[in-house]
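User: I would like to go through the assignments in this model one by one. For each, please set the value against the cut-off and conclude.

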Amino acid sequence: MTGPGPDFAFLDVATLLESSRPRGRWSGMRLLIAGCAAALLLSWFLLGQTPGTQQLFSVSLSVLLGVFVAGWALNGFLAVREARAQQRQLQIIEELIQLRRWPQAAFSVQAFLSRPARSPATRAQAMLFLAMVLARYHRFDDSVAVHEHILEEVLLDDEAVHSVQVGRAMALLRAENLLDADRAIADLRRQARAAGGIGESPGLALVEIYRDVKTGHPAEAIQMFQSRLAVMRRDLGHRLADAWALAARAYDMLGQSPQAEQAYRNATLLLPLVELRRRYPEIAPLADRLAPAAAPAEVA
Amino acid sequence: MISVDGVIARFRRDLALAALLRAALMVGAAVCLLGGPMLGLSGDGLVPLILIGAVWIVLSYRSMVGARLASDSPSLIAAGNFEQAEKQIDSVLRSFSLFRTAKLLGLHHLALLRHAQRRWRESALLCQALLGQRGIADLSRSTLLLMADSTLRLGDLRGTLWALDALYRQRLGLAEALALQLLQLDYGSRIGAWEQMLSCVGVKVQLSELMPSINAARSQAFLALAAYKAGRMELARWLRRRVELLADAPEIAADRPILAEMLAQAW
């Protein structure tokens, strides 16, 4: 198998955002209509004007109509097949991300966005996956750019906008852009107050805890963790480990060792330490002092 | 409320009628095209051909509208808006459709609705009717998962085994594989197949980590139970500690008395 050439730009954001735009093109249906009209004119010109060939003209008209109907059906079939294929590709990328198979996910998302998407919705979905992959490769500025592009250009419902904004805030924090991150979180809070329901968002709670740990406000981080634990427990699945890990760091910063130990054990019980450290480098100092939860040999 | 037996009979009748009409329109079009001038049809067959084309287009459009209407139902069901979903599904199943897609989707969504309403027998019957149709490749996996769960809740373990067996022979997506694992563990706990439940336990634990909170907790609770029954106490305790972090016992054990019993014990 040959690898990419020397000019190959891995996940070049500007290029991918441009190449994936859905484009108006000469669809098969338009070509079919033009072809039928041309054939109709030609047969009328050649056959329709002479009395002896009028019956032949009628037959060719029937055949043309048949071709048109069959072409119309074929065009619809091909369009549906292409839409399904793109949907399937997106599903595969999502599965690769869930399974943390990052190199395969990166190449698949690059391949998907390298050609025009069929619809703005599929493109938005693929861009969201691109933002996740970029964050995994610690390209946080690029990840922020992709999130911002989605928010500017794609029409999304409130829930989707909220999750993109949470993703952007998290990427800003990881990019050490604390001022913009704080502004983004304040905006999310304001929207949450206005909307009511989103105030319960576990994603926003996680971002806020992370911001407080990062900016040296452990007491606020613990308060947020305790008040939002039930919501995060309900919705985050095993990502609840993220919240426990950040809480452990916050307890540690306050010198509350027993609580820090317990929170650290809970975090490492739910997710491997190596994954948690990759996500939050801030918990690295804990690794030297605290013992992670030991997994049995069957699952280690 | 839509009667399940009535809807299944009407579904079969409508599919047969639509197939007959499709065949009649196609034969009519072929006759107009090939034999119009010879049979002396009006306009050498062009006029009837145009009429047939118009009928086909109108009916196709109606079918497309039906399919689009059917696609809204799952979000209504997920939001708990059962009454609205029922109305929408009813209108899809009552309207005529030239193609099978809208009817198949309508029946599948009715099975989904009955499952969400915890009417397991009706859901299982609808799944059975759907699985009796040929060419439902895209729907068959989700229908089999629905059927396995409904029969399991009914205590019809033979029906569950049939559905699980059919699922093993299919290529599944990740979400489907996760749903299958949970069903498989639930089934295993009912027949006491503790050692089989623990085969490839590492992979099962990893898959559980990808599930939403309550399913992740339930899946690992079944594994903890199997480990406990098999005397692998270190594994059982580790799994149980994870379960307790993810969800509360009453929520995990809802409809699963065997889990309630395990979570009530101290070990």
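User: How many salt bridges are counted between chain A and chain B?

Analyst: The count between the two chains is two salt bridges. The model is a predicted one, and a search of the whole structure finds 38 salt bridges over all chains.

User: What makes the contact of Arg232(B) and Glu298(A) a salt bridge?

Analyst: The N to O distance between the side chains of Arg232(B) and Glu298(A) is 3.4 Å. The cut-off is 4 Å between a side-chain nitrogen of Lys or Arg and a carboxyl oxygen of Asp or Glu, so Arg232(B) and Glu298(A) form a salt bridge.

User: How many residue pairs are in polar contact across the interface of chain A and chain B?

Analyst: The rule finds 12 residue pairs across this interface, with both residues at pLDDT 80 or more. On the side of chain A that touches chain B, α3 (54-98), α10 (218-235), α11 and α12 (257-270) each supply at least two residues. The largest share, 13 residues, comes from α3(A). Sorted by class, this side of chain A has 17 nonpolar, nine polar and seven charged residues.

User: What area is buried between chain A and chain B, and which residues of chain A supply the most of it?

Analyst: About 2,700 Å² is buried between chain A and chain B, and carbon and sulfur atoms give 63% of that. Arg233(A), His238(A) and Leu269(A) supply 25% of the area that chain A buries against chain B, more than any other three residues. The contact takes 33 residues from chain A and 32 residues from chain B.

User: Why is Arg114(B) called buried, and what about its partner Glu122(B)?

Analyst: Buried means under 20% relative accessible area. Arg114(B) has 0%, so Arg114(B) is buried. Glu122(B) has 14%, which is also under the limit, so Glu122(B) is buried. The side chains of Arg114(B) and Glu122(B) meet in a salt bridge at 2.8 Å, N to O.

User: Are Asp165(B) and Arg169(B) buried or exposed, and why?

Analyst: Asp165(B) has a relative accessible area of 37%, between the limits of 20% and 50%, so Asp165(B) is partly exposed. Arg169(B) has 65%, over 50%, and therefore counts as exposed. The side chains of Asp165(B) and Arg169(B) form a salt bridge with an N to O distance of 3.0 Å.

User: Where do Arg249(A) and Asp252(A) lie, and what links them?

Analyst: Both are in helix α11 (residues 240-253) of chain A, three residues apart, about one turn of the helix. Their side chains meet in a salt bridge, 3.1 Å from N to O. Arg249(A) and Asp252(A) are both buried. Elsewhere in chain A, salt bridges link Asp182(A), Arg189(A), Glu208(A), Arg211(A) and Asp212(A) in a network.

User: How many aromatic pairs are there, and why is the pair of Trp56(B) and Phe99(B) called edge-to-face?

Analyst: The structure holds six aromatic pairs over all chains. The ring centres of Trp56(B) and Phe99(B) are 6.0 Å apart, within the 6.5 Å limit, and their planes stand at 70 degrees, over the 60 needed, so the pair is edge-to-face. Trp56(B) lies in helix α2 (residues 46-78) of chain B and Phe99(B) in the loop between α3 (82-94) and α4 (100-116), so the pair ties together parts 43 residues apart in sequence.

User: What makes the pair of Tyr228(B) and Trp267(B) stacked?

Analyst: The ring centres of Tyr228(B) and Trp267(B) lie 4.7 Å apart and the planes are at 10 degrees, under the limit of 30, so the pair is stacked. Tyr228(B) belongs to helix α11 (residues 213-229) of chain B and Trp267(B) to the segment after α14 of chain B, so this pair ties together parts 39 residues apart in sequence. Tyr228(B), at 29% relative accessibility, counts as partly exposed, and Trp267(B), at 22%, is partly exposed as well.

User: Which residues form one aromatic cluster in chain A?

Analyst: Phe10(A), Phe107(A) and Tyr137(A) form one.

User: What is noted about phi of Arg100(A) and Asp255(B)?

Analyst: Phi of Arg100(A) is near 60 degrees, a positive value in a residue other than glycine. Arg100(A) sits in the loop between α3 and α4 (102-113) of chain A. Asp255(B), also not a glycine, has a positive phi of about 70 degrees, and its place is the loop between α13 (249-252) and α14 (257-264) of chain B.

How values were computed: Residues are numbered from 1 along each chain as its sequence is written. Chains are lettered from A and ligands numbered from 1 in the order in which they are written. Side-chain values use heavy atoms; hydrogens and water are left out. Helices (H or I, at least four residues) and strands (E, at least two) are DSSP runs, numbered from the N terminus. Buried means under 20% relative accessible area, exposed over 50%, partly exposed in between (1.4 Å probe, protein chains only). Contact means heavy atoms within 4.5 Å. Buried area is the accessible area (1.4 Å probe) that two parts lose on being put together, summed over both. A polar contact is a pair of N or O atoms within 3.5 Å; within protein, one must be able to donate a hydrogen and the other to accept it, and residues adjacent in sequence count only if both atoms are side-chain atoms. Ala, Val, Leu, Ile, Met, Phe, Trp, Tyr, Cys and Pro count as nonpolar, Asp, Glu, Lys and Arg as charged, and the others, Gly among them, as polar.
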